[in-house]
Amino acid sequence: MANDRSTSDSGNSSHRWTFFRAGGFEQVRLATGADLMALDQLDQKLWVALSCPTQGLEFDGKTLALLDNDHDGRIRAPEMIEAVKWSGVMLKNLDELTQGASVLPLSAINDQSPEGKQLLDSAKQILKNLGKADATEITLEDTTDTAKTIAQTRFNGDGVIPADASEDDAIQKTITDIIDCMGADEDRSGKPGISQEKLDRFFEEALAYSDWWKETEKDAAVILPLGDAMADASAAFKAVREKVDDYFTRCKLAAFDIRALSAMNRQQEEYIAFA
């Protein structure tokens with residue numbers, strides 16, 4: 001049976017702690033925000049545990065991963081203290097930390113510091129992206145589905161720009177053309193887009209083509225010796241290019257070692273047997 005008592009005897013702590021007895025020994029009761037913010041003052045000999053794994057617990061895995069600053073698979077006392085301190089600075093009323101609620105009023109966020117203001121702006125942006133711009137609180141569910149949260153965000157910081165990131169029709173058409181020519185990179189929202197690398201490569205190749213075409217304007221006979229029939233000739237060459245490349249590859253192998261001819265020119269029945 002638990003039995004509460006109060007004391008301030010916990011090492012060098014100036015905070016007044018409340019203890020209860022359970023499981024055969026006394027434990028600190030963390031009942032208020034002030035209790036949590038004073039964790040760094042609590043003698044760690046009074047902690048029930050000084051570390052825990054980030055897996056196999058009945059607790060949200062993403063939260064555990066965030067607490068594990070050094071990514072060693074365990075959460076230790078200094079990491080817990082750091083997380084609590086950060087949370088306390090982000091909130092106006094420290095008792096919000098002990099509510100255990102999945103809903104946080106936006107008014108509870110402390111926007112008096114640059115970091116707190118950024119957190120509040122981020123929460124408002126998430127709600128706006130979810131079509132809840134007028135909401136006065138943000139829920140756990142609002143923050144867990146990242147793809148849904150950023151689906152309506154034009155610039156989400158992943159370096160991939162989808163066509164609808166711009167309101168300009170000409171820019172949208174350019175992005176679409178680049179995707180058609182170079183292939184698409186997937187934006188975090190799941191939309192097709194382009195990266196800086198593909199954008200640069202597209203314009204490099206476009207410039208090279210433009211320079212090549214200018215040469216045809218100077219002397220078309222050199223660049224396009226077949227004139228108007230050049231396009232058909234190019235298509236015919238592309239159709240047999242693999243065969244041509246194969247022929248010359250075989251010639252090089254034969255020139256290197258005449259014994260390769262027997263391996264490259266087997267009878268049809270042997271190929272059928274391989275198939």
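## Nonpolar core, hairpin and an exposed valine

The largest nonpolar core has twelve residues in all, namely Trp17, Phe19, Val28, Leu36, Met37, Ala38, Leu39, Leu42, Trp47, Ala77, Ile81 and Val84; such a core is a set of buried Ala, Val, Leu, Ile, Met, Phe, Trp, Tyr and Cys residues joined through side-chain atoms within 4.5 Å. Buried means under 20% relative accessible area, exposed over 50%, and partly exposed in between (1.4 Å probe, protein chains only). This is a predicted model, in which local features need pLDDT of at least 70 and side-chain atom pairs count only at pLDDT 80 or more, while totals for chains, interfaces and linings use all residues. Residues are numbered from 1 along each chain as its sequence is written, and side-chain values use heavy atoms, with hydrogens and water left out.

The elements that give two or more residues to the core are listed below; helices (H or I, at least four residues) and strands (E, at least two) are DSSP runs, numbered from the N terminus.

| Element | Residues |
|---|---|
| Strand 2 | 17-22 |
| Helix 1 | 33-37 |
| Helix 3 | 77-90 |

Helix 3 gives the most to this core, with three residues. Not counting residues up to four places away in sequence, Trp47 touches Leu39, Leu42, Ala77 and Ile81, where contact means heavy atoms within 4.5 Å.

Val48 lies in the loop between helix 1 and strand 4 (51-53) and is exposed, with a relative accessible area of 58%. Leaving aside neighbours within four places in sequence, Val48 contacts Phe25 and Gln27.

Phe25, in strand 3, stands opposite Ala22.

Notes. Two strands pair if DSSP finds at least two bridges between them.
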